[in-house]
Amino acid sequence: EVAPHLGDDVRYLGPVAATERSAVLGGAHALLHLIDFDEPFGYSVVEAMTCGTPVIAHGRGSMPELIDDGTTGFLVGTIEEAVDAVEAADRLDRVVIRETAVARFDVSRMIERYVAVYSDILT
């Protein structure tokens, strides 16, 4: 159903090997993460942003916590908004997207946050 509407600028890659993921995500115009459920955390969203790639997602589940609307991507509610966001994605600063993601989700930051949660639970 989708293929006839894509044109030559979009192609389906299928599953991408871990060794190729950074190059594919980093070379993308944007990551469309238009899922229809309240995802508790989006690893693909964080992976894309650490490559400097903006993310376009429905504003539900954890997406408002992960995406800074207008800075690291766009939170949308409709297909029309998603289309507009795709067009606007090239105006976002990819260096800022990466810096923001790394500051929030690098390994040392994630470890600090997990330790804090575990400490709260145990005390």
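These legends accompany a set of views of one predicted protein model.

**Figure 1. The whole chain, as a starting point for the close-ups.**
Let us begin with the overall layout of the predicted model. The protein chain holds six helices and three strands, and read from the N terminus its elements follow the order α-β-α-β-α-β-α-α-α. Taken along the principal axes, the box filled by the C-alpha atoms is roughly 55 × 30 × 25 Å. Of the 123 residues in the protein chain, 28% are buried. The accessible surface comes to about 8300 Å², and carbon and sulfur atoms account for 56% of that area. If we take the contacts between residues at least 6 apart in sequence, 45% of them join residues at least 24 apart. As for charge, there are 9 positive and 21 negative side chains, with 6 Å between the centres of the two sets.

**Figure 2. Helices H2 and H5 where they pack.**
Here we turn to helix H2, residues 43-50, and its packing with H5. The axes of the two helices are 7 Å apart and make an angle of about 130°. Angles that are not under 35 degrees, over 145 or from 65 to 115 count as oblique, so H2 and H5 are oblique to each other. On the H2 side the meeting residues are Val46, Met49 and Thr50, while H5 brings Ile97, Arg98, Ala101, Val102 and Phe105.

**Figure 3. Isoleucine 97, a buried residue of helix H5.**
Isoleucine 97 sits in helix H5, which spans residues 94-105. Its relative accessibility is 0%, so isoleucine 97 counts as buried. What does isoleucine 97 contact, once neighbours within four places in sequence are left aside? The list is Met49, Gly52, Thr53, Pro54, Thr71, Thr72 and Leu92. Met49 of H2 is also among the residues that meet H5. For a sense of scale, the C-alpha atoms of isoleucine 97 and histidine 58 are 18 Å apart, with 39 residues separating the two along the chain.

**Figure 4. Threonine 100, also in helix H5.**
Staying with H5, this view is centred on threonine 100. Is threonine 100 buried or exposed? With a relative accessible area of 18%, threonine 100 is buried, because the cut-off for buried is under 20%. Leaving out neighbours within four places in sequence, threonine 100 has contacts with Asp68 and Thr72. Thr72 appears among the contacts of isoleucine 97 as well.

**Figure 5. Histidine 33 and its surroundings in strand E1.**
Histidine 33 belongs to strand E1, residues 31-33. Its relative accessible area is 9%, so histidine 33 is buried. Not counting residues up to four places away in sequence, histidine 33 touches Glu39, Ser44, Val45, Val55, Ile56, Ala57, His58 and Met63. Two of these names, Ser44 and Val45, fall within the residue range 43-50 of helix H2.

**Figure 6. Two exposed residues outside the helices and strands.**
Arginine 91 lies in the loop that links helix H4 (79-88) to H5. With 65% relative accessibility, arginine 91 counts as exposed. Its C-alpha atom is 9.9 Å from that of proline 54, a residue 37 places away along the chain. Aspartate 8 is found in the segment before helix H1 (18-27). At 83% relative accessibility, aspartate 8 is exposed too. The C-alpha atoms of aspartate 8 and leucine 66 are separated by 31 Å, and the two residues are 58 apart along the chain.

Note on methods. Residues numbered from 1 in each chain as written. Predicted model: local features only at pLDDT ≥ 70, side-chain atom pairs only at ≥ 80, totals over all residues. Heavy atoms only, no water. Helix = DSSP H or I, 4+ residues; strand = E, 2+ residues; numbered from the N terminus. Buried < 20%, exposed > 50% of the residue type's maximum accessible area, 1.4 Å probe, protein only. Contact = heavy atoms within 4.5 Å. Areas by Shrake-Rupley, 256 points an atom, 1.4 Å probe, with all protein chains shown as cover. Lys, Arg positive; Asp, Glu negative; His and termini not counted. Charge placed at Lys NZ, Arg CZ, Asp CG, Glu CD. Axes fitted to C-alpha atoms, helices over the stretch in contact; angles between N-to-C directions.
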